[in-house]
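I opened my notebook for this one and kept the entries brief. Here is what I looked up, in the order that made sense to me.

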Amino acid sequence: MTAVRQQTYQPPDARSAAVEVFGFDRLRQLNDGGTQRADFHVLALIDGGHGRVTVDFESRPLAPRDAVWITPGAVHRWDDFADLTGTLVLFVPTAPVTEATKRLAATPDLASTWAVSADAWPYVDAARTHLVFEDGARTADPALALPQILLSALIARLDPPRTVQMTSGGTFDAFQAAVESHFREHHDAGFYARALGYAPRTLTRAVQRATGGSAKAYVVARIVLESKRLLVHDALPAAQVAAELGFPDASAFSLFFRTATGTPPATWRAATEARGRPPSRSSDS
């Protein structure tokens, strides 16, 4: 498996500086069979066909009326898309314009794929159609930010599920945001309790309600995910992964990884590379 290609958002013209829309035919033209990690969002709606996409080491099937949302930083590869039809929307993290859709786009635990319900699909399709139609109006005034407004309408209609249970309070959300900001330097759940001003038991209860596990387990899972990204797709040696993730040395990182996953880093990387080499047809977004 080759190292992941880091992608930076490059709009085709100034008018679409924040949002770009195209179909799977264009995706097939762009594909080079590689694995990517982008600094922008990739949103896809499947109209027809069947295929697969791999996001952060999980391969997921795709079928009509499915939605895909790949957030910035996620490692992904389109494994099978030869007969997929639909729409892809690429957008920068700052593109959504409403407070609700800004928060949604910044949520780190969005589901990467899900089936849009039959009841919701007509509204999603209408919002998507309006965005595609407006994208074709090359004479539109960029100052109006219509693509961003219509993107926000589409996101609001999609209402993507989260991979953790929604909670009424803000304790888990605050914890989650803190982990995203500091997991490379701080591996102790107690740090996050102190930083957020919560008693350890309060934080533990909030995380357990949302995820079913402990605050420590959440931190460990986040570090493991980033470890896997760095080991396989960035092809970093254990010593460099250790440095990137705040471990004192390669031995400490290897012990952490083996304890968390049951497999030494080198063994896990070799097995993943053997299992996950991209097939002859993959896509690029």
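**Helix 6 and its neighbours**

I began with what helix 6 leans on: its buried residues pack against helix 5 (171-182), helix 7 (200-211) and helix 8 (215-233). A reminder to myself is that this is a predicted model.

Which residues of helix 6 are buried? Within residues 189-196, I found Ala 189, Phe 191, Tyr 192 and Ala 193 to be buried.

I then checked both ends of helix 6. At the N-terminal end, Asp 188 acts as the cap, with a side-chain oxygen 3.0 Å from the backbone nitrogen of Gly 190. After helix 6 comes Gly 197, and I noted its positive phi, near 80 degrees.

**Helix 5 against helix 6**

For a pair like this I wanted two values, since packed helices are described by the angle between their axes and the distance between the axes. Helix 5 and helix 6 pack at about 120 degrees, and their axes are 10 Å apart. Helix 5 is therefore oblique to helix 6, as the roughly perpendicular range is 65 to 115 degrees and roughly antiparallel begins over 145. The crossing of helix 5 past helix 6 is right-handed.

Which residues make the contact? On the helix 5 side I listed Ala 174, Phe 175, Ala 178, Val 179 and His 182, and on the helix 6 side Phe 191, Tyr 192 and Leu 196. The spacing made me recall that an α-helix has 3.6 residues a turn, so residues three or four places apart point the same way.

**Ala 189**

I went back to Ala 189, which sits in helix 6. Why does Ala 189 count as buried? Its relative accessibility is 15%, and the cut-off for buried is under 20%. Its contacts beyond four places in sequence are Leu 203, Ala 215 and Lys 216. One of these partners, Ala 215, is 26 residues away in sequence, yet the C-alpha atoms are 5.8 Å apart.

**Trp 268 and Phe 57**

Next I looked up Trp 268, placed in helix 11 (residues 265-276). Is Trp 268 buried or exposed? Trp 268 is buried, because its relative accessible area is 12% and the limit is 20%. Leaving out residues up to four places away in sequence, Trp 268 touches Phe 57, Lys 228, Leu 231, Val 232, Phe 257 and Thr 263. I also noted Arg 258, ten residues from Trp 268 along the chain, with 9.2 Å between their C-alpha atoms.

Phe 57 earned its own entry. It lies in the loop between strand 5 (51-55) and strand 6 (58-62), and I read its relative accessible area as 26%, so Phe 57 is partly exposed. Its phi is positive, near 75 degrees. I flagged that because most residues other than glycine have a negative phi.

**Asp 159**

Asp 159 also has a positive phi, near 45 degrees, and is not a glycine. I found Asp 159 in the loop between helix 4 (146-158) and helix 5. It counts as exposed because its relative accessibility is 56%.

**The whole chain**

I finished with the overall tallies. The chain has eleven helices and ten strands, and 48% of its 285 residues count as buried. Of the contacts between residues at least 6 apart in sequence, 74% join residues at least 24 apart. The exposed area is about 13,300 Å², with 54% of it from carbon and sulfur atoms.

Conventions: Residues numbered from 1 in each chain as written. Predicted model: local features only at pLDDT ≥ 70, side-chain atom pairs only at ≥ 80, totals over all residues. Heavy atoms only, no water. Buried < 20%, exposed > 50% of the residue type's maximum accessible area, 1.4 Å probe, protein only. Helix = DSSP H or I, 4+ residues; strand = E, 2+ residues; numbered from the N terminus. Contact = heavy atoms within 4.5 Å. Polar contact = N/O pair within 3.5 Å; in protein donor to acceptor, adjacent residues only side chain to side chain. Areas by Shrake-Rupley, 256 points an atom, 1.4 Å probe, with all protein chains shown as cover. Axes fitted to C-alpha atoms, helices over the stretch in contact; angles between N-to-C directions. Parallel < 35°, antiparallel > 145°, perpendicular 65-115°, else oblique. Left-handed = near helix turned anticlockwise from the far one by under 90°.
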